[in-house]
Amino acid sequence: MKKKLPPLNADPLLSLFNDKDVAGIKKTILNHLLIFQGRDPERAGTFDIYKAIAYTIRDFMVEKWINTQKSYYTKNQKRVYYLSLEFLVGRSLGNSLINMGFAEKVEQVFQEMGYDLNEIREEEEDAALGNGGLGRLAACFMDSVATMNIPAYGYGINYEYGLFHQKIIDGFQVESPDNWMRFGTPWQFERSLPLHPVQFYGKVNTSIDDKGKFRSEWVDTELVMANACDVLIPGYKNDNVINMRLWQAKASRELDLSFFGRGDYVGAVENKVKSETISKLLYPPDEACAGRELRLKQQYFFVAATFQDIFRRFVKHNKDFSKFSDLVAVQLNDTHPAIAIPELMRLLLDKYGLGWEKAWDITVKTFAYTNHTLMPEALETWPVDLIGYVLPRHLQIIYEINQRFLDLVKVRYPGNESKLRSMSLIDDGPPKRVRMANLAIVGSHSVNGVAALHTHLLKTRLFKDFNEFFPGRFNNKTNGITPRRWLLKCNKQLAGLISENIGTGWVTCLDELRRLEPLATDPAFQKKFQEAKRQNKLRLAKVIKKLCNLEVNPDSLFDVQVKRIHEYKRQLLNILHVINLYQRIVTNPHEKLTPRTVIFAGKAAPSYWKAKLIIKFINSVGDVINNDPRVGDRLKVVFIPNYGVSLAENIIPAADLSEQISTAGTEASGTGNMKFSLNGALTIGTLDGANIEIREEVGQENIFIFGLTAEAAEWEKRSPQRTPYQIYEQNQDIRQIIDCIKGGCFSNGDKQLFLPIVNDLLDLNRDPYLNIMDLEDYLRCQEEVGLAYQDQKNWTRMAILNVARMGKFSSDRTIREYAREIWGIQVD
């Protein structure tokens, strides 16, 4: 396409902040191309243009960010520090254009310049700063914090490599490095200052000072420097811009020149490479000792740098540490940053000379902890020996915290050794391990779950003893999603239709969507709603064709399960239903079944062989079904590779059915369920996580629920009424599914390939996620779904009501609750 570029201005240097109209934006883009990138605008490619517009928008954000920071200092406001090992922000350009109010202007600029904004946006790499729901939640929270004018920062690590880039080769997941930073990113400011030293290893010297107080000094340590990289996050059309500060590891010295004198040139750079490894990779493999050590160092590295930053700000205007928790709130996003608790104690005790009681009081008032798991095996623990080796002073502090806490437990429960063992911060093993969740609970004034059921199970099962010991400490904060990215940005068709009918107030007040309810039965609105969904399905069909080389029918029911591949999320249950549909089509070709396109996406951890086998199984089933001429367009199975935020933005608006089918009592909350409902998909799910609250909001008649409850699932594990094998024997449909897998129908006759899956399914001791126990009811519920989809008028009514009743699940509501009830900050 010929680019319609105007001639360059003779004087390209202009005031960026005063030229935010179309002409000014265009001039700024051209100046970035020429002055900063050294590119001839008439020969620039789409990647050059992407960088130019990104730098242009960043320029405009900087002014607002500076003003935002000045206001914090002027008002001496309490600030929130959100500590998370993950921030899965995805792409920044589209979101920044919308929140800054520049989307229409930039679209006009590119039309005049002869570029397609959508093509330009595709040049941006997804920022690989997270893996799944934990990181995506953190990103949503940052958007809400900025939009609600809460003085806050996100703190994490600036990973050079993401989890991995996923390819599907012969049906198997194949991992390759996700070097998302290979061309740099225009969205970050790398700061020369602050540059904070972080200590590792060494030993602890103790002494009595001149006032007779016991003192500890951590000495003979290795230093790694923490270099700050800032990513700006704009609020929605409110001139408020906050930042995530992501730490990058640097060697304390670029080269150790003493090695050169000995001719050891490799040794000269070894320390630099070793130091900078800390921020290289998201979640290094921890099967080996070196991997576990690196992961612990990652956690401490970003925590230590963050607290140096916190103290740097605090002491500028405050010398009285009794006011510390009045001006500083620290939210721990899961246990990964929990080492911050002994780190704050170390600073207050060893650097600032406070006594234990005062330091501990400040610490508990400062910290709040969000739990994200219900599975005991997923609770993070660290070997005592490893912490003692890497962080010797912190291990001393952890033991002291534990001893003082257990003394209180002994007073409350005299002679109760069982309580002492379960509540101790140290698991006696062998080997001895530090329980990071217990540390986070004891060292925080607030512990929250992320859905009503999740919090109830934390109180009554997982942390029952702590809930009794600390009455009022546990509370619920149901997760939410930002409507700016997950409707306004990713679903322009539906967002435009909504705004056309009820205005744009819903963008910052999602409860406004309730005004759609009277339109749920309006034929004209239904027709437009259906057309918006179809446009999204056509868009996704093109993506599937491009990535999977498969044609899908946009008029079929798009049945979608996209999330991390894990046994408890039960992608296996879904594909068993697909096999049942396939068998029905083949054996009874005249049966009137609703055509379906069943869409999977997600990554399995590289060392999680069962999850990787499930990926292979899904792809093998798909190969058979998609190539069987007896099936045609009635059933297709798709596994879209390399799932991430940008793919989700294409998939979620196109979904008709959202699969939220984890075993009840295993999913803390989920946020994918909210995104799908907000975009007009109906949910099929168990009474797990936030599904329960979604059912309460949308109405039980507008959701498809099946399966055991959390209580029933727990009971079935202990005393099953029927074993999986008995169900297999008694249910013909289930027997045919299993026998087909056993017989090698989906493995070219190889009866061994998927035998581990069959063996697990039929043995309750090997399948704690109860696939067969729930399969009968799942098949029944899916039959109900298929019949319901045939009545498009009623299906559309249900879908509109799902959208209309999703107001509760805005991350703005969640953050408002955090601010008022945990952080002590009042918001409008």
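**Helix packing, sheets and cores in the predicted model**

The buried residues of helix H20 (residues 492–502) pack against four helices, namely H19 (483–489), H21 (523–548), H25 (672–678) and H32 (792–804). The model is a predicted one, in which local features require pLDDT of at least 70 and side-chain atom pairs count only at pLDDT 80 or more, whereas totals for chains, interfaces and linings use all residues. Residues are numbered from 1 along each chain as its sequence is written, and side-chain values use heavy atoms, with hydrogens and water left out. Helices (H or I, at least four residues) and strands (E, at least two) are DSSP runs numbered from the N terminus.

The residues of H20 that are buried (under 20% relative accessible area, with exposed over 50% and partly exposed in between; 1.4 Å probe, protein chains only) are Leu-494, Ala-495, Leu-497, Ile-498 and Ile-502. Viewed along the axis of H20, these buried residues fall within an arc of 160 degrees (taken from the directions from the helix axis to the C-beta atoms), so they line one face of the helix. Gly-503, which comes just after H20, adopts a positive phi of about 85 degrees. In helix H27 (residues 710–718), the buried positions are Ala-710, Ala-713 and Glu-716. The buried residues of H27 fall within an arc of 125 degrees when seen down its axis, and so they too line one face of their helix. Helix H17 (452–462) and helix H31 (771–790) are among the elements that cover the buried residues of H27. An α-helix has 3.6 residues a turn, so residues three or four places apart point the same way.

An open sheet is built from 6 strands in the order E19-E18-E17-E20-E21-E22, with parallel pairing (two strands pair if DSSP finds at least two bridges between them). Strand E19 (635–640) and strand E22 (704–705) are the edge strands, each pairing on one side only. Between E18 and E19 the parallel pairing extends over 6 bridges, and Val-598 stands opposite Val-637 in E19. Thr-597, which is found in strand E18 (residues 596–601), counts as buried because its relative accessibility is 1%. The side chain of Thr-597 is joined to that of Ser-556 by a polar contact of 2.7 Å, a polar contact being a pair of N or O atoms within 3.5 Å of which, within protein, one must be able to donate a hydrogen and the other to accept it, while residues adjacent in sequence count only if both atoms are side-chain atoms. Beyond four places in sequence, the residues in contact with Thr-597 (heavy atoms within 4.5 Å) include Val-552, Phe-558, Lys-636 and Val-638.

Antiparallel pairing is found around strand E8 (residues 222–234), in which 11 of 13 residues are buried. Strand E5 (residues 188–200) pairs with E8 over 9 bridges in the antiparallel sense, and Asp-230 in E8 is the bridge partner of Phe-189. Strand E9 (residues 241–251) runs antiparallel to E8 and is joined to E8 by 11 bridges, with Met-244 in E9 as the bridge partner of Val-231. E8 and E9 form a hairpin with 6 residues between them, and Lys-237 in the turn has a positive phi of about 50 degrees.

Asn-333, found in strand E10 (residues 328–333), has 0% relative accessibility and therefore counts as buried. Its side chain makes polar contacts of 3.2 Å with that of Tyr-82 and of 2.7 Å with that of His-372. Other residues touched by Asn-333 beyond four places in sequence include Leu-134, Ala-138 and Thr-370. Ala-138 lies in helix H6 (residues 133–147) and is buried, with a relative accessible area of 0%.

The largest nonpolar core (a set of buried Ala, Val, Leu, Ile, Met, Phe, Trp, Tyr and Cys residues joined through side-chain atoms within 4.5 Å) holds 126 residues, of which Leu-83, Ile-150, Phe-200, Phe-301, Phe-307 and Phe-405 touch the most other members. Helix H9 (residues 289–317) gives the most to this core, with 12 residues. A second, separate core of 119 residues includes Leu-550, Val-560, Phe-706 and Met-798.

The mean pLDDT of the protein (the predictor's confidence in each residue, from 0 to 100) is 94, and 96% of the residues reach 70 or more. Over residues 7–18, however, pLDDT stays under 50, and the model has 17 contacts beyond four places in sequence for this stretch. Where pLDDT is low, the predicted coordinates should not be read in detail.
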